[in-house]
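I set out to record what the coordinates say about helix faces, helix packing and a few individual residues. The entries below follow the order in which I looked things up.

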Amino acid sequence: AAEALGWEPALAWTLASEAELLRKMGRVSDVARVGKRAYVAAARSRAWDRAANVAETLVVAVGTRGGDFEQGQLWADLGGLAIHYATDPLRIREASLANSVGALYSEHGDHERAIAELSRAAELTESVLGSEHPKLAITWSNLANAYSLAGDYARAEEYHVRALGLREAQLGPHHPEVAVS
């Protein structure tokens, strides 16, 4: 229906929503196909915030979960480009993309770059949202995993404990997200 309208912003929104649903279902090849179309539609309509979100979805789906590091890096670069043009004065999108890029590097064995990106993501997130925000727990968990893969188990434990404590405090001890900490 959005294609029939011929209005790029509606098409970008619809395709981005579809790509996110496909990501949640684990359909990587479909995410790549639909996400690419969503990014192009968003860029054509200068909906840079939408383009940035789609690019981040593709970093995770194609690069991290799909195992295609080069495509993940390409989408990270395109996400950075979109963020450059989007309005992101608080740098929330930048922090979110840095978290996803850090996870990408971690998944593909570049622990030093993973830790650097994830540390930057944690600093940005904490400076804007505060030390009690649940999004910080996601980055701390990713940082803990990166340290663990790098063999620094003391730092890994430190960040796992931080993530667990924050999730328990914000969500309660029986919430499903507490289990992933």
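**Entry 1: a residue in α4.** I worked throughout with a predicted model. I began with Thr-64, which I located in helix α4. Is Thr-64 buried or exposed? Its relative accessibility is 15%, and because the limit for burial is under 20%, Thr-64 counts as buried. I then listed the contacts of Thr-64, setting aside neighbours within four places in sequence: they are Val-59, Ser-100, Ala-103, Leu-104 and Glu-107.

**Entry 2: helix α5.** I checked the length of α5, which runs over residues 69–85. For its 17 residues I expected a span of 24 Å at 1.5 Å a residue, and the C-alpha atoms at its ends are 25 Å apart, which agrees.
Which residues of α5 are buried? I noted Gly-72, Trp-75, Ala-76, Gly-79, Ala-82 and Ile-83. Viewed down the axis of α5, these buried residues fall within an arc of 125°, so they line one face of the helix. I recalled the general rule here: an α-helix has 3.6 residues a turn, so residues three or four places apart point the same way.
I next turned to the face of α5 directed away from the buried side, where Glu-70, Asp-77 and His-84 are exposed. Finally I asked what covers the buried residues of α5. The cover includes α3 (28–44), α4 (48–65) and α6 (92–107).

**Entry 3: helix α9.** I repeated the length check on α9. This helix has 19 residues, and the distance from its first C-alpha to its last is 26 Å, close to the expected 27 Å.
In α9 I found Ala-156, Tyr-159, Ala-163, Leu-166 and Arg-167 buried. Down the axis of α9 they fall within an arc of 105°, so the buried residues line one face of this helix. On the other side of α9 I recorded Tyr-153, Ala-154, Glu-157, Val-161 and Ala-169 as exposed. The buried residues of α9 pack against α8 and α10 (176–179).
I also looked just past the helix: Gly-172 follows α9 and has a positive phi, near 95°.

**Entry 4: the α8 and α9 pair.** At what angle do α8 and α9 pack? For α8 (residues 134–149) and α9 (residues 153–171) I noted an angle of about 160°, with the axes 8 Å apart. The pair is therefore roughly antiparallel, since angles over 145 degrees count as such. I entered the crossing of α8 and α9 as left-handed.
I then listed the residues that meet between the two helices. From α8 they include Leu-136, Trp-140, Leu-143, Ala-144 and Tyr-147. From α9 they include Ala-156, Tyr-159, Ala-163, Leu-166 and Arg-167. These named residues of α9 also appear in the list of its buried residues.

**Entry 5: positive phi outside glycine.** I looked up two arginines in loops. Arg-46 has phi near 60°, a positive value in a residue other than glycine. Arg-46 sits in the loop between α3 and α4, and with a relative accessible area of 68% it is exposed.
Arg-91 likewise has a positive phi, near 70°, and is a residue other than glycine. I placed Arg-91 in the loop between α5 and α6. At 39% relative accessibility, I entered Arg-91 as partly exposed.

Key:
Residues are numbered from 1 along each chain as its sequence is written. This is a predicted model: local features need pLDDT of at least 70, side-chain atom pairs count only at pLDDT 80 or more; totals for chains, interfaces and linings use all residues. Side-chain values use heavy atoms; hydrogens and water are left out. Helices (H or I, at least four residues) and strands (E, at least two) are DSSP runs, numbered from the N terminus. The expected span of a helix is 1.5 Å times one less than its number of residues. Buried means under 20% relative accessible area, exposed over 50%, partly exposed in between (1.4 Å probe, protein chains only). The arc is that of the directions from the helix axis to the C-beta atoms. Contact means heavy atoms within 4.5 Å. Axes are lines fitted to C-alpha atoms, for helices over the stretch in contact, and angles run from 0 to 180 degrees between N-to-C directions. Angles under 35 degrees count as roughly parallel, over 145 as roughly antiparallel, 65 to 115 as roughly perpendicular and the rest as oblique. A crossing is left-handed if the near helix is turned anticlockwise from the far one by less than a right angle, and right-handed if clockwise.
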